[in-house]
Amino acid sequence: MDIRYSDDELAFRTEIKTGLAEIVWPELAAKVRAGSSLEKPEHDRFHAALNARGWLAGHWPTEHGGLGWDPVQRHIFDEELYAADAPRVVPFGLNMLAPVLMAFGSPEQQAYHLPRILSGEDWWCQGYSEPGAGSDLASLRTRAVQEGDSYIVNGQKTWTTLAQHANKIFCLVRTGTEGKPQEGISFLLMDMQAPGVTRRPIRTLDGGFEVNEVFFDNVRVPVADRVGAENAGWTIAKYLLNHERTNISLVGESTHALEQLKAQARQTRRRGQPLIKNPHFAARVIEIEADLEAHRITNLRMLSDAQRKGAPGPEVSMLKITGTRIRQAINDLARRGLGPAAAPFPSEALSGNAALAAPEHANAAARYFNNRKISIYGGSNEIQANILAKHVLDI
Amino acid sequence: MDFSPTPERQMVAESLSRLLAEHLDAERRRAIAYVAPWHDPTLWAHLCELGVPALLVPAEQGGFGGAGFDITTAFQPLGAALCTEPMLGHAMALAALVALDAPVSEDMVSGNSRYVLAIGEPDVPYGLDDLETTANRAGDGWQITGRKSVVAGAQSATHVLVAARHGDGGIGLFEVGADAIDLTAYGMVDGGGAAELFFDATAAHAISLEADAALTTALTAGLLALSAEAVGIAERLVDLTQDYLRTRQQFGRPIAKFQALQHRAVEMSLHLEQLRSITVRAAASFGTPDGPRHAAMAKLLVGRRGRLIAEEAIQLHGGIAVTWEAEVAHLAKRLVMIDAQLGDADWQSEMLAEALA
């Protein structure tokens, strides 16, 4: 056993670190540190800068214009993104739709869509969940009825992240009612600007706007924009969810957030000394740190496994459960560490002499509440436990 | 032994709940709690007409209550309604004055004047021992210098009582008119308002130069009020979550049919029972030597178990609970943020542990 990174991997890390230092501009880093949401031009500029280096598609296979990074390289890149205070790459086109097109799309679909994802010309969002179909995704009811060489789509999607910026949406729609619910689902590529598509922002509990409802009222979609065969959408959906789960350990994000937490606890004074010296608080930090260290190795063990086998197995559901628990525990401790200073909202209401904490710490409560979502979305932790019970423990 | 409330308190609690249901439904609450002044002066007036401030004052000082169970009778319904009226600060100011046997004005008992008690500071958010704000003699009066931080309700107080250290090293209680204070007001993440209070040789009137014991009593009253508020919120979260489990259909059945979720609903109800009981314990002890210890225990459990109830309520509701429109979101936010007022769970357990040794 040798759990060290190889020399090549270490060199790769240095290359990424150096490059990101050139790409990430100071205002962007400050916004990311403060947990502020980014404007679309900021997303676009960062996206273009990564693309210029080829890193946007680093994990894509070379035949599709990528660099063919393996899971370990991809993980290193992810860690370095957080270390550089860079934003998360918006994943819907790049990490979710692209692998689907590579595996199930026609050559024409690949040739048309993949370059547009890289160029940023298309911003994709994901049309999966519906008000009545959350954990039970297969019960979705958005209908697509074929009429000539088009489908007519009616229904509603919800929790559509960043749909306010998107010009495209990939959707699971019902095309059949025979047999099991899973057997009548198709995967469609749709235009957000098409007549009959409307979106409504959903305000989240912390006051922010990142998710939306999307409504379809007799929206015409060319049959040619279906990916894979009719009624074969569930297979694609499962494939996509698996891809969504490959980067869910949150190791990079949590590592960075834990360092922020320690910095905060060094600055915060309690009973005449830094909070980090409070044994009660320090013990909580250490417990999270030990969990994160273990989780880091679990993640690398699974990445290394995926590197050999080619694809991750159902055991990656563990990464989601443990990863979100650790991330939420850090959020919780950051909020608690600030005490009453976490309560003012928005934290920008207190600036200059009136400020109670550094900008990168002040929004701790809002971030704690916002991150309750991570154990709910992308397959709730309860659904992940079902997957583990059925497919890993086999009980 | 009888755990049922007296008929009088039962009646007050019911009238209060009715009043709040009438004037503070969920939509109305969202409309006022997050916009300056982060409460509704009309609702404050209604609460005062009903006698809520007077309920917190003993008969000798012109009220009709002042016992531990009077505090919980008022604050549990206020919690259930997520009421952001600045009653906590007023209640603590009243408790301090009553403990000092200082005069309590009619306007204060009636609620025409809104008082707030300012103790916490940026580096000393909890407790009294390390306070840095100072009071110095200036002619016949006093001058206060320092900063009080995240003082809930101070944004719309007419009078501020300030805890400050004076030349003899003791902690005194001083009164300052709100107009004389340099104040930065803001809203809070869970609704309601607060302020930073900056004192720079600000003129003040001394109420007492030996206020440690009275401030401890005021803090005890505050912890009890917050614990009762938490019980009111937790009850609603537990109810809403059970209702949701019974009505939300996934996989062809109500999700309440899944045993894994049933057990989690049961855990939530166990936490709630602990909160109810420790709050009864603390209310019964208020005004006795065990009062501070039991109030600290109540606040400790509120911090720990309240958070678990809030987090589980969100998780079991799923995505809908992280939206602004969902009442469960606002209940959960308030229940979690109560921990950071007047000493969080870690602070309470440290205080209780020190008393062990």
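1. I begin with a single residue of chain A, Glu39(A), which counts as exposed because 11 C-beta neighbours lie inside 10 Å of it, and a residue is called exposed when that number is 12 or fewer. The model in which this residue is seen is a predicted one, and each remark below should be read with that in mind. Glu39(A) sits in the loop between helix 2 (26-34) and helix 3 (40-53) of chain A. Measuring from C-alpha to C-alpha, one finds that Glu39(A) and Arg270(A) are 37 Å apart in space, while 231 residues separate them in sequence.

2. Staying with chain A, I would look next at how helix 4 (residues 71-83) of chain A meets helix 9 (residues 279-309) of chain A, whose axes come within 8 Å of each other and cross at roughly 140°. The two helices are therefore oblique to each other. On the side of helix 4 of chain A, the residues in this contact are Pro71(A), Val72(A) and His75(A), and they meet Leu303(A), Ser304(A), Ala306(A) and Gln307(A) of helix 9 of chain A. Sorted by character, the residues of this contact comprise four nonpolar, three polar and no charged.

3. A detail of the backbone of chain A also deserves a remark, since the peptide bond that leads from Phe345(A) to Pro346(A) is cis, with omega near -10°. Pro346(A) belongs to the loop between helix 10 (317-338) and helix 11 (359-362) of chain A.

4. Turning to chain B as a whole, one can count 12 helices and nine strands in it. The radius of gyration of chain B is 20 Å, close to the 21 Å that the globule rule gives for 357 residues, so the chain is as compact as a globular protein of that length. The C-alpha trace of chain B spans about 80 × 45 × 40 Å along its principal axes. Of the 357 residues of chain B, 55% count as buried. If one takes the contacts in chain B between residues at least 6 apart in sequence, 75% of them join residues that are at least 24 apart.

5. Which way do helix 1 and helix 5 of chain B run relative to each other? The axes of helix 1 (residues 7-23) of chain B and helix 5 (residues 68-80) of chain B come within 9 Å and cross at roughly 20°, and this angle makes helix 1 of chain B roughly parallel to helix 5 of chain B, because angles under 35 degrees are classed in that way. The crossing of helix 1 of chain B past helix 5 of chain B is right-handed. Helix 1 of chain B brings Arg9(B), Val12(B), Ala13(B), Leu16(B), Ser17(B) and Leu20(B) to this contact, where they meet Phe69(B), Thr73(B), Ala74(B) and Pro77(B) of helix 5 of chain B. The residues of the contact fall into seven nonpolar, two polar and one charged.

6. Chain B has a cis peptide bond as well, joining Ala36(B) and Pro37(B) with omega at about 5°. Pro37(B) is placed in the loop between helix 2 (26-33) and helix 3 (41-50) of chain B.

7. Two residues in strands of chain B invite a check of their backbone angles. Val150(B), in strand 3 of chain B, has phi near 45°, which is a positive value in a residue other than glycine. Ala201(B), in strand 7 of chain B, likewise has a positive phi, of about 50°, although it is not a glycine. Are these residues buried or exposed? Val150(B) is buried, with 26 other C-beta atoms within 10 Å, whereas Ala201(B) is exposed, with 11 other C-beta atoms within 10 Å.

8. Another exposed residue of chain B is Ala138(B), which has 11 other C-beta atoms within 10 Å and is found in strand 2 (residues 134-138) of chain B. From C-alpha to C-alpha, Ala138(B) and Ala204(B) are 9.4 Å apart in space, although 66 residues apart in sequence.

9. Finally, the two chains touch each other, in a contact that takes 33 residues from chain B and 36 residues from chain A. On the side of chain B, the elements that give two or more residues are strand 3 (141-152), strand 6 (182-187), strand 7 (193-208), helix 10 (291-317), helix 11 (327-337) and helix 12 (345-356). The residues on that side of chain B divide into 15 nonpolar, 10 polar and eight charged.

Methods
Residues are numbered from 1 along each chain as its sequence is written. Chains are lettered from A and ligands numbered from 1 in the order in which they are written. This is a predicted model: local features need pLDDT of at least 70, side-chain atom pairs count only at pLDDT 80 or more; totals for chains, interfaces and linings use all residues. Two residues are in contact if their C-beta atoms, placed from the backbone, lie within 7 Å. Helices (H or I, at least four residues) and strands (E, at least two) are DSSP runs, numbered from the N terminus. Ala, Val, Leu, Ile, Met, Phe, Trp, Tyr, Cys and Pro count as nonpolar, Asp, Glu, Lys and Arg as charged, and the others, Gly among them, as polar. The radius of gyration is taken over C-alpha atoms; the globule rule is 2.2 Å times the number of residues to the power 0.38. A residue is buried if 20 or more other C-beta atoms lie within 10 Å of its own, exposed if 12 or fewer, and partly exposed in between; C-beta atoms are placed from the backbone. Axes are lines fitted to C-alpha atoms, for helices over the stretch in contact, and angles run from 0 to 180 degrees between N-to-C directions. Angles under 35 degrees count as roughly parallel, over 145 as roughly antiparallel, 65 to 115 as roughly perpendicular and the rest as oblique. A crossing is left-handed if the near helix is turned anticlockwise from the far one by less than a right angle, and right-handed if clockwise.
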